[in-house]
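User: Please take a close look at a single part of this model and explain how it is placed. I would like one connected account that then sets this part against the rest of the chain.

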Amino acid sequence: MLHYNLFSQNFHKKFIVFAQDIHRIFKFFHPFIQESVVIYKHGRNEGDFMRVRQEDKRTLQRLIKLFKPYKKNIIIIFICMLSSAVVNTLVPIISKRIVDDGLIQNNFNLLIKLVALSLLLVLIDQGIGFIETRYRVLISSIMPYELSKRAFKQTMKLKLGYFNNTNSA
């Protein structure tokens with residue numbers, strides 16, 4: 001049970017960080033989602049409920065389309081999260097063997113091997129964490145830039161008369 005808890009806690013923490021990045025990008029991409037959620041939770045009638053659902057479905061489709069070029073990066077992030085969780089599950093098992101088989105039984109050869117293995121697992125976990133963070137930061141920094149660039153290009157396509165006739169206040 002202890003190993004499962006360590007596995008789930010580590011995966012949960014990394015997933016929360018990744019989800020927060022996705023949420024931040026989603027809010028940048030679709031600023032009125034907060035209003036949609038409020039209407040969804042406190043809908044006045046059945047029609048509001050259905051309208052928001054369709055709107056959210058379209059938004060989700062657009063969001064998936066937006067993340068499509070980064071599909072490989074997202075898969076790498078999830079693989080890193082899972083493998084890091086597995087490695088972190090092995091560390092307590094090795095620690096138990098260090099105490100039980102190495103220290104208590106005075107088997108110093110086995111103790112040195114297990115400590116080296118434990119150190120190797122920690123280094124592997126740090127390497128996996130580095131790779132995961134690299135890809136996560138890449139996605140969370142490129143997405144707002146790409147969206148800003150698209151918005152700027154769209155704004156530049158508008159005719160000057162649009163800005164003269166539109167009240168910007």
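Analyst: **A close look at one residue**

Asp101 has a relative accessible area of 21% and therefore counts as partly exposed. The cut-off matters here, because burial requires a value under 20% and exposure a value over 50%, with partly exposed in between. The model under discussion is a predicted one. Within it, Asp101 is placed in helix H4, which covers residues 71-103.

What does the side chain of Asp101 meet? Its partner is Arg97, and the two form a salt bridge in which the closest N and O atoms are 3.0 Å apart. The spacing along the helix fits this pairing: Arg97 and Asp101 are four residues apart in helix H4, so about one helical turn separates them. Arg97, with a relative accessible area of 36%, is likewise classed as partly exposed.

A further salt bridge is found in helix H4, between Asp100 and Lys96, whose side chains meet at 3.3 Å from N to O. Here too the partners are four residues apart in helix H4, so that about one helical turn lies between Asp100 and Lys96. The accessibilities of these partners fall into separate classes: Asp100 is partly exposed at 30%, whereas Lys96 is exposed at 52%.

How many salt bridges does the count come to? The count is three, and the one still to be described joins Glu146 and Lys149, with 3.7 Å between N and O. That pair lies in helix H5, where Glu146 and Lys149 are three residues apart, or about one turn of the helix. Glu146 is partly exposed at 23% relative accessibility, and Lys149 is partly exposed at 33%.

**From Asp101 to the following helix**

Leaving helix H4, the chain passes through a loop to H5, and Asn106 lies in that loop. Asn106 is not a glycine, yet its phi is positive, at about 55 degrees. With a relative accessible area of 54%, Asn106 is exposed, since the threshold for that class is over 50%.

Beyond the loop, Leu111 has its place in helix H5. The C-alpha atoms of Leu111 and Asp101 are separated by 7.6 Å, with these positions ten residues apart in chain numbering. For Leu114, which is 13 residues from Asp101 along the chain, the C-alpha separation from Asp101 is 9.6 Å. Buried or exposed, which class does Leu111 fall into? Leu111 counts as buried, because its relative accessibility is 13% and the limit for burial is under 20%.

**The nonpolar interior and the surface**

In soluble globular proteins, nonpolar side chains tend to be buried together. In this model, the largest nonpolar core has eleven residues, including Leu63, Phe67, Tyr70, Ile77, Met81 and Tyr135. Helix H3 (46-67), helix H4 (71-103) and helix H5 (108-157) are the elements that each give two or more residues to this core. H5 provides the largest share, with four residues. Separate from this core is a second one of eight residues, among them Cys80, Val87, Ile94 and Leu114. Leu114 thus belongs to the second core and is also the residue whose C-alpha atom lies 9.6 Å from that of Asp101.

Tyr135 of the largest core has a charged neighbour as well: Arg134 lies over the face of its ring, 5.2 Å from the ring centre. Aromatic pairs, by contrast, number zero in the structure.

Some nonpolar side chains are found at the surface. Leu158, Leu160, Tyr162 and Phe163 form a nonpolar patch there, with about 410 Å² of accessible area together. Phe163 of this patch lies in helix H6, residues 160-165, and counts as partly exposed because its relative accessibility is 41%.

**The chain as a whole**

The setting for these details is a chain with six helices and zero strands, following the pattern α-α-α-α-α-α along the sequence. Of its 169 residues, 27% count as buried. Asp101, at 21% relative accessible area, is not in that buried class, because the limit is under 20%. In summary, Asp101 sits in helix H4, is joined to Arg97 by a salt bridge, and has its C-alpha atom 7.6 Å from that of Leu111.

Technical notes
Residues are numbered from 1 along each chain as its sequence is written. This is a predicted model: local features need pLDDT of at least 70, side-chain atom pairs count only at pLDDT 80 or more; totals for chains, interfaces and linings use all residues. Side-chain values use heavy atoms; hydrogens and water are left out. A nonpolar core is a set of buried Ala, Val, Leu, Ile, Met, Phe, Trp, Tyr and Cys residues joined through side-chain atoms within 4.5 Å. Buried means under 20% relative accessible area, exposed over 50%, partly exposed in between (1.4 Å probe, protein chains only). Rings of Phe, Tyr and Trp (its six-membered ring) pair if their centres lie within 6.5 Å; planes under 30 degrees apart count as stacked, over 60 as edge-to-face and the rest as tilted. A charge sits over a ring if NZ of Lys or CZ of Arg is within 6 Å of the ring centre and within 35 degrees of the ring normal. Patches are made of residues with over 30% relative accessible area and no salt bridge: like charges are joined within 9 Å, nonpolar side chains (Val, Leu, Ile, Met, Phe, Trp, Tyr) within 5 Å. Accessible areas come from the Shrake-Rupley method with a 1.4 Å probe; for residues, only the protein chains shown count as cover. A salt bridge is a side-chain nitrogen of Lys or Arg within 4 Å of a carboxyl oxygen of Asp or Glu.
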